[in-house]
Amino acid sequence: MTGELVILLLLIVTAVAFDFTNGFHDTGNAMATSIATGALKPKTAVALSAALNLVGGFLSVEVAVTVTTAVLKIQNSDTGALIPGLDAETAMFIIFAGLVGGILWNLATWLFGLPSSSSHALFGGLLGAGLAALGVSGINWDGLASKVVIPALLSPFIACLIAAIGVWLVFRVTRNVREARRERGFRYGQIATASLVSLAHGTGDAQKTMGVIALGLIAHGSLSDQQILDDGLPVWIIVLCAGAIALGTYLGGWRIIRTLGKGLVELDSPQGMAAEASSAAIILTSSHLGMALSTTHVATGSIIGSGVGRPGAKVRWGVAGRMVVGWLLTLPAAAIVGAITYVIGHLVGGVGGALLVFALLLAAGGFIYYRSQQQKVDHNNVNADWDGEQAEGSAHVEVATSKGA
């Protein structure tokens, strides 16, 4: 087995691991509101979301194609070959280091119950590794701006506006309906809209990892742009990535589900349904256009909009502000980790460097998981009353299970 093949295999394993973290990190985007309002029981919600994420991963590959070209400039745009001076091993190591940056930021924000963008964590890691290896010439700045940065800035505001209008209309139209009857009816509606968000999430987020694996295969020489255009992505990549994100979703990112469902707005069923419908419409549209949109930004904007659109609803702007800070840090923080990872691996060199980086990733991931178990949040206490604290490590997060769903 050649050194290049070993690095490729480590890249694929790490990509699948990222996809898995993407699943449990983003479960709340689809199901937090349904769990918070009682439309779905926690375990039922994550199982349904996982199944629909799996289906969604097979529906489209537009975002996967975007990922192969939107951030890194490692290929010749005409021939599809690696740029002059860049060998296959270095190209794969850039992608590998970028994935490590994305995974570690995902795990860190999950530990603190902070909904941040897995997409931007991935792009940030690739950006940092690309800068460390190739300098500014190795980044597709136009693609990064048009496909990542601008949608990231606009999507929360658009989602907030649409959800606010939707909630206002819902309460306006149903103002003469008894509250208990309205709640019951919209809970059934939430099952449909939450399912649609899960399906949309699969069409977008699973594809990002498909694109990264395809980029690694292109760098290795096992796949070409022309093959993708002619035959689509290899089926095994689609199955692997869709399965990984579905498994991660099923395990449930309870810490983030709690923040989205209880920390931003105290939701009722009409608000939850409006937020989910807004999120699904925006995510599906962006996937169709090939935009690697953050489902986290969209879902959070929709939830805030559901509070803004209902007179008298309380939006916890302090929690929202902490989320925004996390969003602003995601790209640069993941980029720094990606750059450091590339430098460490490059200094050791070859397979030894890749194995060292992989071992460091396992150690860091294991430590974060250990810390998460000290203040556990799961399906038993995910719906407990919000006490004003978000960060893991605070005694306030440890809530009595008797208040749970």
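In this predicted model, I218 is buried, because its relative accessible area of 6% falls under the 20% cut-off. The residue sits in helix 7, which spans residues 179–220. The C-alpha atom of I218 is separated from that of M92 by 9.1 Å. Along the chain, I218 and M92 are 126 residues apart.

The largest nonpolar core contains 93 residues. Within this core, V71, L72, I95, F96, L99 and L264 touch the most other members. Helix 4, residues 88–111, supplies the largest share of the core, with 14 residues. In soluble globular proteins, nonpolar side chains tend to be buried together. For L264, contacts were listed without its neighbours within four places in sequence. On that basis, L264 is in contact with T259, T300, I303 and I304. Its contacts also include K314, V315 and R316. V319, A320 and M323 are likewise in contact with L264.

Four aromatic pairs are present in the structure. A pair of aromatic rings is described by the distance of the centres and the angle of the planes. For F24 and W110, the ring centres are 5.4 Å apart and the planes stand at 65°. This pair is edge-to-face, because an angle over 60 degrees counts as such. F24 belongs to helix 1 (residues 3–37) and W110 to helix 4. The two residues are 86 residues apart, and their pair links distant parts of the chain. F24 is buried, with a relative accessible area of 10%. W110 also counts as buried, at 11% relative accessibility.

The rings of F93 and Y342 form another edge-to-face pair, with centres 6.0 Å apart and planes at 80°. F93 lies in helix 4, whereas Y342 lies in helix 13 (residues 317–348), so the pair ties together parts that are 249 residues apart in sequence. F93 is buried, at 6% relative accessibility. For Y342, the relative accessible area is 6%, so this residue is buried. Returning to F24 and W110, these residues form one aromatic cluster with F20.

A nonpolar patch was also found on the surface, with an area of about 500 Å². V149, I150, L153, L154, I158 and I162 make up this patch. I158 is located in helix 6, residues 141–173. At 42% relative accessibility, I158 counts as partly exposed, because this value lies between the 20% and 50% limits.

Note on methods. Residues are numbered from 1 along each chain as its sequence is written. This is a predicted model: local features need pLDDT of at least 70, side-chain atom pairs count only at pLDDT 80 or more; totals for chains, interfaces and linings use all residues. Side-chain values use heavy atoms; hydrogens and water are left out. A nonpolar core is a set of buried Ala, Val, Leu, Ile, Met, Phe, Trp, Tyr and Cys residues joined through side-chain atoms within 4.5 Å. Buried means under 20% relative accessible area, exposed over 50%, partly exposed in between (1.4 Å probe, protein chains only). Helices (H or I, at least four residues) and strands (E, at least two) are DSSP runs, numbered from the N terminus. Contact means heavy atoms within 4.5 Å. Patches are made of residues with over 30% relative accessible area and no salt bridge: like charges are joined within 9 Å, nonpolar side chains (Val, Leu, Ile, Met, Phe, Trp, Tyr) within 5 Å. Accessible areas come from the Shrake-Rupley method with a 1.4 Å probe; for residues, only the protein chains shown count as cover. A salt bridge is a side-chain nitrogen of Lys or Arg within 4 Å of a carboxyl oxygen of Asp or Glu. Rings of Phe, Tyr and Trp (its six-membered ring) pair if their centres lie within 6.5 Å; planes under 30 degrees apart count as stacked, over 60 as edge-to-face and the rest as tilted.
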